[in-house]
Structures are given as structure tokens and as C-alpha cells.
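Here are a few notes to read alongside the model. Have a look at it first, then work through the points in order.

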Amino acid sequence: MAIKAVRGVRDILPSETGKWQRVEAAARKTFEAYGYREIRLPLFERTELFARGIGDETDIVKKEMYTFDDRGGDSLTLRPEATASLLRAYIEHGFQVEPKPVRLYTAGPMFRYERPQAGRYRQFHQANVEALGDVNPAVDAEVICMLMDFFRALGLGERLALHVNSIGDPGDRTAYIARLLDYFRPFAASLCGECQARLGRNPLRVLDCKVPDCQPVIEKAPSILDSLSPEAAKHFESVYVRTTFEVKTADLGAQDAVAGGGRYDGLIERLGGPADPGIGFAIGLERVVLLLGEADAAQRPFVLLIPLGEAALERLMPVARAVRQGGVSAELGYGARKLPRELERANKLGVAYVVIAGENELAAGEAVLREMKTGEQRRVPIAKLSEELRSLGEQASPR
Ligand code: AMP
């Protein structure tokens, strides 16, 4: 019997990789525009790193890790998330001497033994961002802004909502709301109309307000952490991630969290490093790709060059190469198949153009250029062909 992929672990097929590349490029471009630098981290670490960094009591560490002893007897674990590894690297390479905040990003597969379902896998991918060493709330604002810019760059801004999570027991929340009200009331006049109404109805909602003028007041609002019961505080500490924000969608069913993040001051110290604070987020890339849907074209060559016979193949080979060197994707038939078969292939590939060169055309030093969508065709001198295809290709997808 043929061997299949492991449960919860999937192949990303060529029909999807175009979307993946778009998502990865948008992440890279957005993060680098904000001054974040890429760091590449190992896929496995000492088990102890995650036990300490994520917390012994968390579901991830208790139930979800892929842990094994290597041949030397060391207990190792496939990383279930990137933050602990990134902080380990931060400490190990002395990043704390760099200007703060130290801005880093990374992306790649994570591993968790969870029950697989749509949008939830045992090997999945994240893009992770961390800003380290600076407690200024402006860093938080920048990090969240950047996350939303990433989604906007992919045209997903409208379909997502940013949530600031409330945590704690019901009793904590009552205490917290009272503290929030005490804090906000003196500033009420400087808040937007909507926020003023929220103070009466549900003060927690003020924290979600996006109006720029409200932000300076909101940023300095008391934290729910100071209102937590000792029990919740203990639990919270063991979890380490002071979850403060999450990006959700209504379009993915049960797996509605697309990204999550927050502050984790104290964690670097717990891992044996300096008392540097940190804030970061993780984007679930599978879910972003799912949101992009089918509209996003699969990767396909722009043109199929069809030589009819050996002589034509010889003429079209250098043309194909010149087109490719110009960054336009071209496929070349090898002259052995009949024209109808090649045209069928062109349709299946979904190319925008085909070039056909047989004996007649060659004798005139020309080839036929056909636009697949309209069926229109014209003759182009072979000497001009690569230039023509490059310019058509660039018009179709400007770089
Ligand atoms: P977390 O590291 O648990 O805060 O998760 C951050 C993001 O990663 C989530 O918002 C999801 O989008 C994504 N994610 C977490 N676990 C999985 C999984 N098992 N499969 C796919 N995506 C996941």
C-alpha cells in the first residue's frame, strides 16, 4: 500500500503556492518597511526551552508537543511556536546591546499535536514578529498597525476585525471596569462621541476604539492584569503571553483567529536573559491563504511556445530563454506533439498567449502570436518576438 502524509500534515500543492508566495512577500515587504529584520531559527530546540518559555501548565506544553529523545539522549521538541526560540536567540547572541527596540521577524512551520480540522493542522505555518527591549506603548501601537497593514496589503482589511481581549474571571472584570471608569472619566471630554457613550454602556469597548484622537488616552489606560485575582494572575503568569490582541474573521468557521499577539514582559528574564520587555504577534499563514480564496490565480506560465518540428524548436529555444531572463514565465513545447495537442495543453496550463512556429512561418522568419482569451492572432518577426512577449508579460503583471 502506498504511504500517505501524516495525519494533520499537508502538502502545499502548485495550485496553492502562488497564494503562499504572495502572502510571504506581503509579510516581508510590510515588516521590512517598519524596520524589522529577518532571523531564521531552528525547527527544534531543547524541550526545556518551551517548558520554561511557554509554561509547564499550558495545553501546548502538556498535550501538544512533538517531543523525542535524540540518539545522544537529549530531550528535543519540534517548535510549537517561534517566540521562545527567538528569545533564546536574542539572549544567546547578545541582541540586548543593540538600539531598542530590537525588531525581528521570522516565518516557517510550527508543530502541534492538535485535533486536525479545516484551518487547523499539526504542521502549520506562522509569520512572527517581535519588538524587544522597549516598554513604550507606542511600540504596541506600531506593532498592531503593522499587522493590520499586512492584511490591508493583501486586500483583506475589510474582512478582519481587531479584538483586544479581555481576560480574567468575572469578578476581575467587574473590578477592572470600575478602575477603567475611574481612569477614563477625567478624560471623557477628549474622547470621541462614541467612546463617551461607551463609558455609560460598556467601558471595555473604549479600548477597541480606532479614532486617532482617543489613542493617547487609551494607551495609558490601566491594565486588567492589575485587577486579576491571585489565581487568575498565577495562571496568567504561567501562560506568559499577556494576550492583548487578536485578529479574527467571520469567514473561516470555527477557526476564526487569524493572528494573535501581545506583551510578554518578564519572559526574556525567565529564559535567563536581561530584564528586557517584549511584544509580538503570530499570523497563521494557512488561514490567511484560505481567506484569499480562489480568486487568486494559481501560478501559471504566461506563454507557451509551440515549435512544430526540430528546426522550429531550435529557433524558439533562445526566444524562450530571453523571455525568461526578462522575468516573464514561458513554457516551451519540444516540437514532438501535434498542434491540437499543444493547444489543449495551453488551455490546461491557462497561459495568456501561445506562439506557434511551423515550416511556413519559419521560411518567412516569423511566428504566430495568439492571445488565448480573444483568439486573436498576428504574425511577429522571430527577431522581435522575445521583446514583444516581455512587454506583454510586464503589462499583464507590472513589477
Ligand atoms: P498562537 O501561537 O496559538 O497564538 O496562534 C497564532 C495563530 O497561529 C493563530 O491565530 C492561528 O491563526 C494560527 N494557528 C495556531 N494553531 C494552529 C494550527 N494548529 N493550525 C493552523 N493555524 C494555527
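1. A place to begin is the pair of strands 14 and 15: Leu369 stands opposite Arg378 in strand 15. Strand 14 covers residues 366–371 and is joined to strand 15 by 5 bridges, the two running antiparallel. Strands pair if DSSP finds at least two bridges between them; strands (E, at least two residues) and helices (H or I, at least four) are DSSP runs, numbered from the N terminus.

2. Before going on, a word on the source: this is a predicted model, where local features need pLDDT of at least 70, side-chain atom pairs count only at pLDDT 80 or more, and totals for chains, interfaces and linings use all residues. Residues are numbered from 1 along each chain as its sequence is written, and side-chain values use heavy atoms, with hydrogens and water left out.

3. Now the sheet. It is open, has 5 strands in the order 12-11-13-14-15, and its pairing is mixed. Strand 12 (330–332) and strand 15 (377–381) are the edges, each pairing on one side only. From one strand to the next the twist averages 25 degrees (axes are lines fitted to C-alpha atoms, for helices over the stretch in contact, with angles from 0 to 180 degrees between N-to-C directions).

4. Which strands does helix 12 lie across? Helix 12 (residues 310–325) lies across strand 11 (303–307), strand 12 and strand 13 (353–357), at about 160 degrees to strand 12. Helix 15 (residues 382–396) lies across strands 11, 13, 14 and 15, at about 120 degrees to strand 15. Contact here means heavy atoms within 4.5 Å.

5. Helix 5 (residues 137–153) is worth a check: its 17 residues should span 24 Å at 1.5 Å a residue, and its end C-alpha atoms are 24 Å apart, so the two agree (the expected span is 1.5 Å times one less than the number of residues). Its buried residues include Val139, Asp140 and Phe151, buried meaning under 20% relative accessible area with a 1.4 Å probe, protein chains only. Just after helix 5, Gly155 takes a positive phi of about 75 degrees.

6. Last, the rings. Tyr90 and Phe95 are stacked, 6.0 Å centre to centre with 10 degrees between the planes, and both are buried. Rings of Phe, Tyr and Trp (its six-membered ring) pair if their centres lie within 6.5 Å, and planes under 30 degrees apart count as stacked, over 60 as edge-to-face and the rest as tilted. Phe31, Tyr105, Phe150, Phe151 and Phe281 form one aromatic cluster.

Conventions. Buried < 20%, exposed > 50% of the residue type's maximum accessible area, 1.4 Å probe, protein only.
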